[in-house]
Amino acid sequence: MPSGPTCSMNMLWNTQIADTCIVFRSWHISSTAAFVFSCAVVVGLGVLYEWLRAAQRTLDRRIAATLSAQGKGKAAAGAAGRGDGLGRVSGRSTPEFESEEAALLTGSLVPKAHVGTLLPFSARFSRAALYGASVFLSFFLMLVFMTYNAYLILATVVGAALGHFVFSSHMDIDAVLAGGADSKGMACH
């Protein structure tokens, strides 16, 4: 009984083009042109992943600016007189410090209060949708990488580098020097 083309799954580094399947049996490569097109799609997915990361940062900044304008957050608490007059809140007067201190002195576990500002439902939903899409795409790219095909691995890395180049053109120098910058590179999650 004749069987049609089959997917070749390699668990070792390879440069195979024909009969390579990318993630799905239906994404079966049968020609060099299809393989080149597939590599271009993978590059595009890498760029899309970096765009999603940039979109998450932009959305977070927009939400933070909106909430700050509504008088929520640490800046508002500092302006209300809890701080040092410069909008900063003293580390000793924060609730999380007091609960940690109580736990250290008594040896008992003290439940830690939620830190931060409660987000409205729409903001939480938007953040969750972008996060879910980025997690899905990162795991998908991991599966592409796990074909162990040198060309597909290169396409993944090129896409990530190109996306980073395009969507990460600015740097918050103060945040980097303070150690608070987004240092997460391309990762599965």
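In the next few minutes I will go through the nonpolar core of this structure and then its aromatic pairs. Please keep in mind throughout that what we are looking at is a predicted model.

Let me begin with the core. The largest nonpolar core has 23 residues, and within this set Val 42 and Leu 152 are the ones that touch the most other members. Three helices, namely H1 (32-69), H4 (121-145) and H5 (150-167), each supply at least two residues of this core, and the largest share, 11 residues, comes from H1. As general background, nonpolar side chains in soluble globular proteins tend to be buried together.

What is Leu 152 in contact with, once we leave aside its neighbours within four places in sequence? The answer is Thr 20, Ile 22, Phe 35, Cys 39, Val 42, Val 144 and Thr 147, so that Val 42, which I named a moment ago as one of the two residues touching the most other core members, appears here again as a contact of Leu 152.

Phe 35, another residue on that list, brings me to the aromatic rings, of which the structure holds 5 pairs. Phe 35 and Tyr 151 form one that is edge-to-face, with 5.9 Å centre to centre and 80 degrees between the planes. Because Phe 35 lies in helix H1 and Tyr 151 in helix H5, this pair ties together parts that are 116 residues apart in sequence. The two partners can also be described by their accessibility: Phe 35 is buried, with a relative accessible area of 4%, whereas Tyr 151 is partly exposed, with a value of 38%.

Finally, ring pairs link Phe 24, Trp 27, Phe 136 and Phe 140 into a cluster.

Definitions and conventions. Residues are numbered from 1 along each chain as its sequence is written. This is a predicted model: local features need pLDDT of at least 70, side-chain atom pairs count only at pLDDT 80 or more; totals for chains, interfaces and linings use all residues. Side-chain values use heavy atoms; hydrogens and water are left out. A nonpolar core is a set of buried Ala, Val, Leu, Ile, Met, Phe, Trp, Tyr and Cys residues joined through side-chain atoms within 4.5 Å. Buried means under 20% relative accessible area, exposed over 50%, partly exposed in between (1.4 Å probe, protein chains only). Helices (H or I, at least four residues) and strands (E, at least two) are DSSP runs, numbered from the N terminus. Contact means heavy atoms within 4.5 Å. Rings of Phe, Tyr and Trp (its six-membered ring) pair if their centres lie within 6.5 Å; planes under 30 degrees apart count as stacked, over 60 as edge-to-face and the rest as tilted.
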